[in-house]
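This report describes one chain as a whole and then one helix pair. Please consult the sequence and coordinates shown here alongside the text.

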Amino acid sequence: MLRLIYGEMMGQDVQFGAIYALKLAQSGQTVAEKRAGYLACYLLLQEGNELNIISNYHHVVVALVTLCNMTLPDVIPSMVSHVLAALSHTHESVRKRALVALKNFYTLDTDLVFPYLDRIKDSLYDPEPSVMSAALGFFAIAVKDHAGEMKELVPALIRILQQVVDGKLPKGYLYHGMAAPWIQIRCLMIMAQLGHDDLSAAMTPVVLRAFQKASQGVDAAFGVLFEVLRTLNSFHPSIILELCQSKDAARNPLLTIPRFATSTNPNLKYLGISMLCQVNPDAWSDAWWTEDLLKAVVEALESRDAAIQKRALDLLYRMLTMENAQNIIERLVFAYFQEQDDVQGSGGVGSQQQQQMPSSFPSRKEKILGQILDAAERFGPSEEWYLSLIFDLLVRGGSTITLQTTEKIMSVIEQGARSLGYDNSRLPILAAQQSMKFLVQQDFSLSSTSHNHPMTSPRQPAPAVAYFVFWTLGEYGDKMTAIAEENDEYDLSAVLEVLARCLLVNQDPLIQSFVLSALTKLSIKALPNPIPVSITTVVRQQCQNRTTTAPPAAAASLLTVIDVQQRAAEFLMVADLAIS
Amino acid sequence: MINFIIIFNRQGKIRLTRWYQYMTDKQKASLSQDVVTQILARKRGMCNILELEGRRETRGKAIYKRYASLFFCFGIDWNDNELSGLEVLHKYVECLDQYFGNVCELDIIYNYSAAYQVMDEMLLGGHAQETNKKVVVKHCKGFDKLEESDSIVHNLRASNIA
């Protein structure tokens, strides 16, 4: 690499080294290597662009291709002016690549390219279709952030789409009977981004024309059909609502959905179900929801093909109503437990990162969990059912159930669920009762994870369950006497005794802190009745045990130990209040 | 956009890869292994679309198609049109076919640089930039001629100096 730079300094033509320079810059092991790579890139690429004036456009093309594949943001500022000069090169191949290079720059650093937007818009009107297509590609990315400025593009887009659909492009762009499908799809995608309100009306006619043309075609046409539907769905809702009513296949794009979903081609089935997910539920009219469609959806659920099954499950979630909620939620729960745990999937990512890694995309398991919780809250048939579902999830749920999940459930119980089947006044009390039963069942020990992963970490406690159980007891433990349904009524002293037992049995500091806060809350509610002496002695004992045991190794658990001591001290203060 | 391209055969041996997004070598290796095993496990009647959702860093779909003994797999973004991706895949294979004249796996093994060349002509930065088969093949063959003439001139110069 250093020899290359030397050669360049001496004025030799070392253009061939550009690729190697790039590679070194990106994957160099040491800092020295990376610096050499970057320097070489800078030198070589600059020279490459000065070759614009040379008639052999191939060199320019190579330089631009390197730029397109680059991911080095610092080199961009010096390159932008060169690339813009290339935009007006005589050879269309160069113009095309200049546009793609600009698109690449845009994704890396938006502000650098933005001032030159007008020049790129001019490229839209380029007589060469491939250059226009590349400009469209640029806008497809840019429009997501800058929809406002792009509104002026709409008439141009409409014209382009009209031209393509009418077949005005050269014969070479015909693909299996379909005129330039990729250009059509790009136009549609940009329109979808731009068309959120008033402009939709202007764009609808041309979109419908594209739809009509596509309905007559074959393989490639299906892609365009899918895109048309997606675009229409992102337009103003009134448009799709008006269209869905008509039974005429030419007018109603939604009638293609049954065609997709019932076909024997598995790809089309997948896309059919995808489309169903995207259509606004208000637009589900009898005009196109045929018997066959329903059958196809049911079939998809049972399909052995994992991808189709996942889509169908998503669709079901949107179809939730009071009647079918229980079935659907059962399916969702089943799918949830089938889904592989994220930690095992990513292998080397490291278990130390799994706890609080801020991920931009929720994993599938988290998504399903969110859906289950949401569905259960909105459509559950009864409180007992809801609580048994929650307990099941908390105990068996695995690492996806975090403390945040528990907090979500807690806020539901506190503020009341939206489902009509629930009596929200009963819900918290039942929760407390269930918690008591659960604790008795578990013999007060929450450290056993005999349900899942007996091989790995058998002594790890399940914090989410503990969190939930002790929170409900703390908040609502005193209200349980209000419901005299069960044979075994739990009154406050029984609850306190249970809590004390838990304290004795579980030595893990996190669980102990939960128990202690529950105890404190209940004792405040129990005032002015005094706390039984037995319980206070237990707490004092635990407190002393903590101070006399050897300091634990990690700093984190030291903090929780101090936390436990703090809570124990608070409880003892309250207990003393009652006595005095 | 297309995030990666992997071409592999039925035994799982990878013949060609192309990445349009920055990833460390370790991530690339694990992702390609993941995708290859998942695709090889699929049966005939299943659809050509795979959802890659297990990883936290990236979310996308993998579309694939089998041509004779090779699997061509494109990794695309979640919201992309899958069918258009499949068509681009097919177009790429058609271009390869026209360039090599009845392409087979051996052509790709021995002339992988030419396969990359065709790929770069067609796809750039993760998007299809030229879908006209004739233009793509014409450019590639033009490049070949240029290289040949360059190397002839270079050899002449070298022999003259010597």
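Chain B contains five helices and seven strands, where helices (H or I, at least four residues) and strands (E, at least two) are DSSP runs numbered from the N terminus. Read from the N terminus, the elements of chain B follow the order β-β-α-β-β-β-α-α-α-β-β-α. The model is predicted: local features need pLDDT of at least 70 and side-chain atom pairs pLDDT 80 or more, while totals for chains, interfaces and linings use all residues. Residues are numbered from 1 along each chain as its sequence is written, chains are lettered from A and ligands numbered from 1 in the order in which they are written, and side-chain values use heavy atoms, without hydrogens or water.

The table lists overall values for chain B.

| Property of chain B | Value |
|---|---|
| Span of the C-alpha trace along its principal axes | about 60 × 35 × 30 Å |
| Buried residues (under 20% relative accessible area, 1.4 Å probe, protein chains only) | 54% of the 162 residues |
| Exposed area (Shrake-Rupley, 1.4 Å probe) | about 7,800 Å² |
| Part of the exposed area from carbon and sulfur atoms | 51% |

In chain A, helix H26 (residues 492-505) packs against helix H27 (residues 509-526) at an angle of about 160°, with the axes 10 Å apart; axes are lines fitted to C-alpha atoms over the stretch in contact, and angles run from 0 to 180 degrees between N-to-C directions. H26(A) and H27(A) are therefore roughly antiparallel (over 145 degrees). Among the residues making the contact (heavy atoms within 4.5 Å) are A:Leu492 and A:Leu499 of H26(A) and A:Gln512 and A:Leu519 of H27(A).

Conventions. Parallel < 35°, antiparallel > 145°, perpendicular 65-115°, else oblique. Buried < 20%, exposed > 50% of the residue type's maximum accessible area, 1.4 Å probe, protein only.
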